[in-house]
Amino acid sequence: MKILAIDPSLNSTGICYAPDAACSVEPPKGVLGVHRLIWLREYTLGLLSSLKPAMVALEGYSYGSKAHSAISLGEWGGMLRVLLHEQGIPVALVPPKSLKQWLAGTGNASKTVMVCQAAKRSGLD
């Protein structure tokens with residue numbers, strides 16, 4: 001079963017589709033607000049269309065985020081959940097600290113560390 005893992009972020013969304021790829025996706029500079037959400041949605045739709053995952057492991061919300069960041073990230077997280085539902089793809093929500101602890105050995109690992117650890121575990125490094 002192919003599982004796509006997504007760590008949603010407005011600035012650098014982490015993607016892992018082991019054993020094929022692990023990366024961080026960044027919207028183009030200057031793409032902000034609703035245009036950034038549209039860009040992220042379209043990118044994700046293209047990814048889902050080409051990879052055809054059986055399931056998505058989605059990192060849950062970080063409740064320790066700053067208020068403004070949490071609201072914006074909530075918009076992307078909600079839109080992502082609706083998109084996955086509309087595509088008929090089952091979702092497993094994973095609490096952020098649990099995922100980071102399991103993969104990197106610490107609950108506050110950066111995206112760079114997470115991508116490196118995912119690549120190592122999948123044999124891509």
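Q: Does Lys52 count as buried or exposed?
A: This is a predicted model, where local features need pLDDT of at least 70, side-chain atom pairs count only at pLDDT 80 or more, and totals for chains, interfaces and linings use all residues. Numbering starts from 1 along each chain as its sequence is written, and side-chain values rest on heavy atoms, with hydrogens and water left out. Buried means under 20% relative accessible area, exposed over 50%, and partly exposed in between, with a 1.4 Å probe and protein chains only. Lys52 has 61% relative accessibility, so it counts as exposed.

Q: Where is Lys52 found?
A: Helices (H or I, at least four residues) and strands (E, at least two) are DSSP runs, numbered from the N terminus. Lys52 belongs to neither kind of run here: its place is the loop between H1 and strand S4 (55–59).

Q: What is the phi of Lys52 near?
A: Most residues other than glycine have a negative phi. Lys52 is a residue other than glycine, yet its phi is positive. The value is near 50°.

Q: In what order do the elements of the chain run?
A: The chain has four helices and five strands. Read from the N terminus on, they run β-β-β-α-β-α-β-α-α.

Q: What share of the residues of the chain count as buried?
A: The chain has 125 residues. The share that counts as buried is 34%.

Q: What percentage of contacts between residues at least 6 apart in sequence join residues at least 24 apart?
A: Contact means heavy atoms within 4.5 Å. Take the contacts in the chain between residues at least 6 apart in sequence. Those joining residues at least 24 apart make up 58%.

Q: How much space lies in the largest cavity?
A: A 1 Å grid is laid over the protein atoms alone; a cavity is a set of points where a 1.4 Å probe fits but cannot get out, and lining residues have an atom within 4 Å of a point. Points are joined across faces, edges and corners, and a volume is the space filled by probe spheres set on them. The count comes to one cavity of 30 Å³ or more. The space in the largest cavity is about 50 Å³.

Q: Which element gives the most to the lining of the largest cavity?
A: The lining residues are Ile6, Thr13, Ile15, Val25, Trp39, Leu40, Tyr43, Thr44 and Trp76. Strand S2 (13–17) and helix H1 (33–51) each supply at least two of them. With four residues, the most comes from H1.

Q: How many charged residues has the lining of the largest cavity?
A: Ala, Val, Leu, Ile, Met, Phe, Trp, Tyr, Cys and Pro count as nonpolar, Asp, Glu, Lys and Arg as charged, and the others, Gly among them, as polar. The lining has seven nonpolar and two polar residues. Its number of charged residues is none.

Q: Which side chain of opposite charge is nearest to Arg36?
A: Lys and Arg count as positive, Asp and Glu as negative, while His and the chain ends are not counted. Arg36, in helix H1, has a relative accessible area of 12%, so it is buried. It has no salt bridge (a side-chain nitrogen of Lys or Arg within 4 Å of a carboxyl oxygen of Asp or Glu). At 8.6 Å, the nearest side chain of opposite charge is that of Glu26.

Q: How far apart in space are Arg36 and Leu10, C-alpha to C-alpha?
A: Beyond its neighbours within four places in sequence, Arg36 is in contact with Leu10, Asn11, Pro27, Pro28 and Val31. Arg36 and Leu10 are 26 residues apart in sequence. In space, C-alpha to C-alpha, they are apart by 7.5 Å.

Q: With which residue does Glu42 form a salt bridge?
A: The whole structure has one salt bridge. Glu42 is partly exposed, at 41% relative accessible area. The closest N and O atoms are 2.7 Å apart, and the partner is Arg41.

Q: What distance separates the C-alpha atoms of Leu47 and Ile15?
A: Leu47 is in helix H1 and counts as buried, at 14% relative accessibility. Beyond its neighbours within four places in sequence, its contacts are Leu4, Ile15 and Lys52. Leu47 and Ile15 are 32 residues apart along the chain, and their C-alpha atoms are separated by 9.8 Å.

Notes:
On a 1 Å grid over the protein atoms alone, a cavity is a set of points where a 1.4 Å probe fits but cannot get out, and a pocket is an open set with protein on both sides within 12 Å along at least five of seven lines; lining residues have an atom within 4 Å of a point.
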